[in-house]
Amino acid sequence: MAAPTGRVDTIVLIHGLWLTPRSWERWADRYRARGFQVLTPAWPGMEAEVEELRADPAPIAGQRIAEITDHYARITRDLPRPPIIMGHSFGGLIAQLLVARKLSAAAVAVHPIPVDGVQEFPISTLRSVFPVLDSPTHLHQAVPMSPDDFHFVFGNTMSRQDSDAAWERYAVPAAGHVLFEAVFANLEPGGVTKIDSHESERAPLLLLAGDADNVVPPRVVRLNADIYRPSRALTGYQEFPGRSHFAIGGPGWEEEADFALEWAVEASNEFSRTVVSQAPGRR
């Protein structure tokens, strides 16, 4: 699929915890080959390469959800027109917060951490985040992930050899405070991950899930999608068999990448036509 002439031609990819923009390298190359401008900005303070962030994770420790969201909001506002936004894992949460701010033409949340209102935490989810939540001292630290934990969280559909290679290429410490904020968001009415589920003038939103995902199993992603039921805006859900949380680099990533792009382009084009038709002076 080529970038549509006169339509949305820019895609912003947002990475998740324990990862950097490098994690998007396959999707980014695939989309650029189709003629899209693809931006993969890092979370604030994480502009360095994986190897540098492992050696000095200090810039990671001070991150907060609001600051990360504001950072991407500035990036999208500076573009000539609203882009397609795609976020993976925690980046999927950020993508939803940007949709709520009406900063996208369409958005795809790839195996996303849910917004406020989803109160289900399966055992596999708790096991996935335990390396951070097991100690309150991690609240203000950048917490590394071991190859063993990476294999459970991201590489469970890979061979151990391939999982370890992915850990070596992609894994960095995670901001403990960010994860604490997300997990305990439901305890704070009007917290940082709260969205207006009734908003009907927002852009289309697609949520993707994988049935082998240990972090956000399909039921959690479906509950996240259900948050938007009061809205008349388009909300899509698609589940892929045999996919782990590492949807952007694990086996079968191509199918999800292509589905996400085709859905987002079609939805953004329809959304653009609707916005234009409803503009003052038009019928």
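Q: What places alanine 100 in a helix of this predicted model?
A: Alanine 100 is found in helix H5, which covers residues 90-100. The model is predicted.

Q: Why is alanine 100 called partly exposed?
A: Its relative accessibility is 39%. Buried means under 20% and exposed means over 50%, with partly exposed in between. The value of 39% falls in between, so alanine 100 counts as partly exposed.

Q: How far is alanine 100 from leucine 179 in space?
A: Their C-alpha atoms are separated by 20 Å. Along the chain, the two are 79 residues apart.

Q: What is the strand order of the open sheet?
A: Six strands run in the order E2-E1-E3-E4-E7-E8, with parallel pairing.

Q: Why are E2 and E8 called edge strands?
A: Strand E2 (37-39) and strand E8 (235-240) each have a single partner strand, so one side of each has no neighbour in the sheet. From one strand to the next, the twist averages 15 degrees.

Q: How do you know that E4 and E7 pair?
A: Pairing needs at least two bridges. Strand E4 (residues 106-110) and strand E7 (residues 205-210) have four, in the parallel sense, so they count as paired. Valine 110 stands opposite leucine 208 in E7.

Q: Which strands does H5 touch, and which does H10 touch?
A: H5 packs on the sheet and touches strand E1 (10-14), strand E3 (84-88), E4 and E7. Its direction makes about 145 degrees with that of E3. Helix H10 (residues 218-226) also packs on the sheet, touching E7 and E8. The direction of H10 makes about 165 degrees with that of E7.

How values were computed
Residues are numbered from 1 along each chain as its sequence is written. This is a predicted model: local features need pLDDT of at least 70, side-chain atom pairs count only at pLDDT 80 or more; totals for chains, interfaces and linings use all residues. Side-chain values use heavy atoms; hydrogens and water are left out. Helices (H or I, at least four residues) and strands (E, at least two) are DSSP runs, numbered from the N terminus. Buried means under 20% relative accessible area, exposed over 50%, partly exposed in between (1.4 Å probe, protein chains only). Axes are lines fitted to C-alpha atoms, for helices over the stretch in contact, and angles run from 0 to 180 degrees between N-to-C directions. Contact means heavy atoms within 4.5 Å.
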